[in-house]
Amino acid sequence: MTELTGKRIVITGATGFIGRNVAQALLDAGAEVFALVRRESRQKELLLEHGRLVRIWGSLADVETCASEIGHADAFLHFAWGGVNREEIDSPAVQAANIAGSIACVRAAHQLGCTVFMDAGSRVEYGIRPDGRMCEDQECHPVNEYGKAKLEFYHQAEPLCREWGMTYYHLRFFSVYGSGDHPWSIISTLVRELPQGHTVSLSACRHRWNFMDIADASRAVVELYRCSDGHPGACRIVNVASEDTRVLREFVEEIHDLCQGRGTLEFGTFVQAKEGALSICPTVEVLKELTGGTWKEQMTFADGIRAMLAQQDKQ
């Protein structure tokens with residue numbers, strides 16, 4: 001098992017919700033982290049000062065040039081991706097630029113001598129499945145340009161990583177939540193509005209869903225890296241998700257209970273997206289396999305919500 005103390009790890013998207021939490025988890029484990037950050041990023045101040053965190057100023061367009069500032073590294077974690085807002089998520093041009101910048105990251109990882117490359121895929125790569133079951137070996141049929149681009153990048157990156165002998169994990173994150181998540185997410189909205197006694201408009205919430213606490217998601221990434229020396233040269237898709245899949249309404253009502261019943265839930269009043277209510281039921285057997293059975297979630301859903309409520313009380 002790889003010891004992280006002294007390991008040099010490059011990370012893009014380190015100011016994003018998942019990226020900055022993974023960066024912190026790597027620092028906590030003893031790694032030296034090189035974070036590629038755009039100077040114009042409005043979130044660059046979210047990266048906390050740390051003696052083993054080195055900011056490398058640049059964008060994906062500069063990544064191969066920036067690699068020369070680092071010299072060498074052991075692993076490259078690519079979490080940056082533009083155009084995830086509603087205006088650009090279906091833009092072929094924006095998503096094509098994401099693919100090009102991401103392939104440049106693979107080349108930079110090879111240039112740096114990395115033995116491990118990981119990137120952030122997405123559950124939307126699977127497309128719409130009637131039963132919601134999402135397993136890594138299934139054929140994918142993404143419906144938007146974002147999902148198509150994530151999948152296309154995997155198809156381009158996988159042969160390059162094989163050619164260059166890098167272990168490659170394409171991480172398909174599901175619904176990760178926690179303090180610092182997008183304020184419009186369902187959990188952020190409920191945790192913010194219910195304690196104030198507000199009414200929250202919701203869909204019928206009868207479909208199945210899966211939520212994973214950000215601390216557990218970050219630990220999963222770190223654990224995959226720790227165990228990567230046992231899978232040299234492997235190229236795998238990995239669902240990063242919880243084992244707790246339920247009807248969405250159960251999650252919502254649990255949050256309401258943890259808020260002492262304050263606020264009001266209005267089911268069936270929120271207008272669904274055009275594709276309607278879709279269930280997601282991910283399998284996590286590959287995550288377990290690649291971590292040799294060492295991976296286990298530490299945060300229950302209730303623990304994660306309590307942590308968010310406590311953090312909110314401090315603000």
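Helices (H or I, at least four residues) and strands (E, at least two) are DSSP runs, numbered from the N terminus. In this predicted model, His170 belongs to strand β7. Local features are reported where pLDDT is at least 70, and side-chain atom pairs count only at pLDDT 80 or more, whereas totals for chains, interfaces and linings use all residues. Residues are numbered from 1 along each chain as its sequence is written, and side-chain values use heavy atoms, with hydrogens and water left out.

**The sheet and its helices**

Strands of a sheet pair through backbone hydrogen bonds, either parallel or antiparallel. Here, two strands are taken to pair if DSSP finds at least two bridges between them. Seven strands make up an open sheet with parallel pairing, in the order β3-β2-β1-β4-β5-β7-β11. At the edges stand β3 (53-57) and β11 (235-240), each of which pairs on one side only. On average, neighbouring strands of this sheet are turned by 20° against each other, direction ignored. Axes are lines fitted to C-alpha atoms, for helices over the stretch in contact, and angles run from 0 to 180 degrees between N-to-C directions.

Strands β1 (residues 8-12) and β2 (residues 32-37) run parallel and are joined by five bridges. Ile11 has Ala35 as its bridge partner in β2. Contact means heavy atoms within 4.5 Å. Helix α1 (residues 17-28) lies across β1, β2, β3, β4 (75-78) and β7 (167-173), and runs at about 170° to β1. Helix α2 (residues 63-70) also packs on the sheet; this helix touches β1, β2, β3 and β4, and its direction makes about 140° with that of β3.

**Helix α6**

The expected span of a helix is 1.5 Å times one less than its number of residues. Helix α6 (residues 214-226) has 13 residues and should therefore span 18 Å, which agrees with the 18 Å between its end C-alpha atoms. A residue is buried under 20% relative accessible area, exposed over 50%, and partly exposed in between (1.4 Å probe, protein chains only). Ten of the 13 residues of α6 are buried, so defined; among them are Ile214, Asp216 and Tyr225. A polar contact is a pair of N or O atoms within 3.5 Å; within protein, one must be able to donate a hydrogen and the other to accept it, and residues adjacent in sequence count only if both atoms are side-chain atoms. The N-terminal end of α6 is capped by Asp213, a side-chain oxygen of which lies 2.8 Å from the backbone nitrogen of Ala215.

**His170 and Thr283**

His170 is buried, at a relative accessible area of 0%. Its side chain makes polar contacts with the side chains of Asp119 (2.9 Å) and Tyr168 (3.4 Å). Not counting residues up to four places away in sequence, His170 touches several residues, including Lys150 and Arg236.

Thr283 lies in the loop between β14 (281-282) and α8 (285-290). This threonine counts as buried at 16% relative accessibility. Beyond four places in sequence, Thr283 touches Arg133, Met134, Cys135, Glu136 and Asn239.

**Cysteines**

A disulfide is a covalent bond between the sulfur atoms of two cysteines. The criterion used is a pair of cysteine sulfur atoms within 2.5 Å, and the structure holds zero disulfides. Two cysteines in no disulfide are listed below.

| Cysteine | Nearest cysteine sulfur | Relative accessible area |
|---|---|---|
| Cys259 | Cys205, 15 Å | 1%, buried |
| Cys281 | Cys135, 12 Å | 10%, buried |
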